[in-house]
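Got your viewer open? Let's take a short walk, picking a few residues at each stop.

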Amino acid sequence: MKRLFRPGWLVGVAVLAAVAVAAGCGSGGSSGSSGGNAGGSSPSSSAPEVKIGLVTDIGGLNDRSFNHLAFLGLQQAEKQLGAQGDVLQSKADSDYVPNLQTAAAHGDNLVIAVGFLMESAVEKVAKAFPNTNFAIIDSGPTKPIPNLKSLLFHEQDGGYIAGYLAGLVTKTNVVSTVGGQKIPPVDHYIAGFQAGAKAANPQVTTLNAYSQSFTNQAACKELALNQISQKSDVVFQVAGGCGLGALSAAKEKGVWGVGVDADQSYLGDFILTSAVKKVDVAVFDTIKQVQAGTFKGGTTDFFTAQNNGAGIGKISPNVPAADVNKLKPIEQKIASGGITPPDTVK
């Protein structure tokens, strides 16, 4: 069932807690937006007002990672650009088309589909509403659609850096990943993580499994516990809200956890680091393009380590300084293009 929310109305539900957490520990670098001013500035009175529809995938706003970051980007645009935002949360795959249609029919200047899972839905609706601008995060049509922009990330960049650190700190020479579904953005993270771990430690063994869910925390926890029973002492979650269960297993068993999308260091010092992608920056910058009249459909914007769109979050204070120092040149090489992490899981 679809529901339409004004972001201002959401203050008072569980999302507020997640927003407060991100504000305290960082969301993976929203202050790095090309249009953002730290602390937030008042919107310019001369800038045209834009209406934005944000449609989540089934992970919802409380996933503490992917959809949550998109929401933060919308909030930033409301504060700094004077945008008016509506959020439609999808509870099932069948909500995607109706929610996108509702946003478009509402007269929004831009409708943002959050996630690869919405690929076919947004293509269908964008064609049905040719005078509305659309953007989709993590996917894009095979053939360009004039009013649809793709926002893509090199998740493998952050995955590689996090994996390299995992390879340095592992005591058992076994590290693992828990993916949601086997889709490109998930596999990009996993491929980078595995390559980074093996580059740091050629003796390392990598384990991988998919929960087939981005919401079922129990399923992800079970997979992580199984991997830990096989001696994994670093567990990387790549499953959104479901992955919080994998991190719970890591904490319970006293091993390292690695967060995804947002900086999840707020969960505790057992979080080795987080492989982040700046979805909030992508959302904010795209809204800014619409307001400035520079939005171009049928194109793709890429966010990588080279343009500060991907990387890692905070490193646990329990990581030895020597390992942190070994990681710095790896980050620099990826940012400069000296290392090109793989994006395919073998």
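Which hand does the disulfide of Cys-220 and Cys-242 have, going by the torsion about the S-S bond? Keep in mind that you're looking at a predicted model.

**Stop 1: the disulfide**

Select Cys-220 and Cys-242 and show their side chains. Their sulfur atoms sit 2.0 Å apart, and the two form a disulfide. Look along the S-S bond: the torsion is about 110°, so this disulfide is right-handed. Now colour the backbone around the pair. Cys-220 belongs to helix α7 (residues 217–229), while Cys-242 is in the loop between β9 (234–238) and α8 (243–253), so the link ties together parts that are 22 residues apart in sequence. Turn on the surface as well: both Cys-220 and Cys-242 are buried. Don't hunt for another one, as the count comes to 1 disulfide.

**Stop 2: the salt bridges**

Side chains of opposite charge can pair when their charged atoms come close. The whole structure has 5 salt bridges, and we'll visit a few.

Begin with Lys-149 and Asp-301, whose closest N and O atoms are 3.4 Å apart. Lys-149 is in strand β6 (residues 148–153) and Asp-301 in strand β12 (residues 300–303), so this pair ties together parts that are 152 residues apart in sequence. Is Lys-149 buried or exposed? Its relative accessible area is 3%, so Lys-149 is buried.

Next, pick Lys-277 and Glu-155, which meet in a salt bridge at 2.8 Å, N to O. Here strand β11 (residues 271–277) holds Lys-277 and helix α5 (residues 155–169) holds Glu-155, so the pair ties together parts that are 122 residues apart in sequence. Lys-277 is buried, at 2% relative accessibility, and Glu-155 is buried at 2% too. Add Asp-138 to your selection: salt bridges with shared partners join Asp-138, Glu-155 and Lys-277 into one network.

For one more, try Lys-182 and Asp-187, with a salt bridge of 2.7 Å, N to O. Asp-187 counts as buried at 9% relative accessibility.

**Stop 3: the empty space**

Rolling a probe the size of a water molecule over the atoms shows where empty space is left. In this structure there are 2 cavities of 30 Å³ or more, and the largest holds about 240 Å³ of space.

To find the largest cavity, select Asp-57, Phe-66, Val-186, Phe-214 and Asp-261, the residues nearest its centre among the 22 that line it. Which element gives the most to this lining? That's α6, with 3 residues. Finally, colour the lining by residue type: you'll get 12 nonpolar, 5 polar and 5 charged residues.

How values were computed: Residues numbered from 1 in each chain as written. Predicted model: local features only at pLDDT ≥ 70, side-chain atom pairs only at ≥ 80, totals over all residues. Heavy atoms only, no water. 1 Å grid on protein atoms, 1.4 Å probe; cavity = no way out; pocket = protein on both sides within 12 Å on 5 of 7 lines; lining within 4 Å. Points joined across faces, edges and corners; volume = space filled by probe spheres on them. Helix = DSSP H or I, 4+ residues; strand = E, 2+ residues; numbered from the N terminus. Nonpolar A, V, L, I, M, F, W, Y, C, P; charged D, E, K, R; others polar. Disulfide = S-S within 2.5 Å. Buried < 20%, exposed > 50% of the residue type's maximum accessible area, 1.4 Å probe, protein only. Salt bridge = Lys/Arg side-chain N within 4 Å of Asp/Glu carboxyl O.
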